[in-house]
Amino acid sequence: MRRRRTKRFPREAASVALARTWLAEQLAQLIPAPLDDLLDDAVLGLSELATNAVEHGAGQYFRVACTVNNERLTIETLDGGRSRPLPAVRGLPATTNENGRGLVIVDHISGGDWECDARPAGLMRVRFHLKLVGHIDPRHSPPAPPAAARHGRY
């Protein structure tokens, strides 16, 4: 079952923290008993994408979406995206640089499962995916069906 939540934020620095808080609240409702590492990765990744939307995007707002679909969580931002060409991970910046690590972090926490694309009307979408398997406390997962049911004997 696909469950999706979206929210629009003003494209200003203070919105990054608001977006992180909003995402944590949504994930608490969408995912039963997520483990801390999933929440940490999702919020950290969103923080990087939201910061990029604020610093490199265009327009007054950016939108954040989180989607739970089967065994995968997708976090995305959509903004006015004046950034061209499309961003890419080109390795770590010099250690003296204060910026330039956001997509490297997103690439790492998502295991390389992220993408960026230009959307209609000049919009830029950046999203990453996290696997839910192994990131939900098994004590709060629904019980598995009996072995006979799993093998089609019921």
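Two strands count as paired if DSSP finds at least two bridges between them, and the strands themselves are DSSP runs (E, at least two residues), numbered from the N terminus, as are the helices (H or I, at least four residues). By that yardstick, strand 3 and strand 5 pair in the antiparallel sense, over eight bridges. The model is a predicted one, so to speak of local features takes pLDDT of at least 70 and side-chain atom pairs count only at pLDDT 80 or more, while totals for chains, interfaces and linings use all residues. Residues are numbered from 1 along each chain as its sequence is written, and side-chain values use heavy atoms, with hydrogens and water left out.

Now for the overall layout. The protein chain has four helices and five strands, and reading along the sequence gives the pattern β-α-α-β-β-α-β-β-α. Of its 154 residues, 36% count as buried, where buried means under 20% relative accessible area, exposed over 50%, and partly exposed in between (1.4 Å probe, protein chains only). The accessible surface comes to about 9,100 Å², with 51% of it belonging to carbon and sulfur atoms; areas come from the Shrake-Rupley method with a 1.4 Å probe, and for residues only the protein chains shown count as cover. Among contacts (heavy atoms within 4.5 Å) with a separation of 6 or more, 67% are between residues 24 or more positions apart.

Back to the strands. Strand 5 also pairs with strand 4, antiparallel, through six bridges. On the strand 3 side, Leu78 has Arg125 of strand 5 as its bridge partner; on the strand 4 side, Cys116 is bridged to Val126 of strand 5. Strands 4 and 5 make a hairpin with three residues between them, and Ala121 in the turn has a positive phi of about 65 degrees. Another positive phi, about 55 degrees, turns up at Asn70, which is not a glycine. Asn70 sits in the loop between strand 2 and strand 3 and counts as exposed, at 59% relative accessibility.

As for the interior, a nonpolar core is taken as a set of buried Ala, Val, Leu, Ile, Met, Phe, Trp, Tyr and Cys residues joined through side-chain atoms within 4.5 Å. The largest such core has 32 residues, and Leu23, Ile31, Leu73 and Phe128 have the most contacts inside it. Two or more residues each come from helix 1 (14-30), helix 2 (36-56), strand 2 (61-69), strand 3 (72-79), helix 3 (102-109), strand 4 (114-119) and strand 5 (123-131). Helix 2 gives the largest share, eight residues.

Helix 2 deserves a closer look. Its buried residues include Leu38, Ala42, Val43, Gly45, Leu46, Leu49, Ala50, Ala53 and Val54, along with Ser47 and Glu48. An α-helix has 3.6 residues a turn, so residues three or four places apart point the same way. The expected span of a helix is 1.5 Å times one less than its number of residues; for the 21 residues of helix 2 that gives 30 Å, and the end C-alpha atoms are indeed 30 Å apart. His56 belongs to helix 2 and is partly exposed, at 44% relative accessible area. His56 and Gly80 are 24 residues apart in sequence but 9.0 Å apart in space, C-alpha to C-alpha.

Finally, the cysteines. Cys66 is buried at 0% relative accessible area, and Cys116 is buried at 14%. With a disulfide defined as a pair of cysteine sulfur atoms within 2.5 Å, the count comes to zero.
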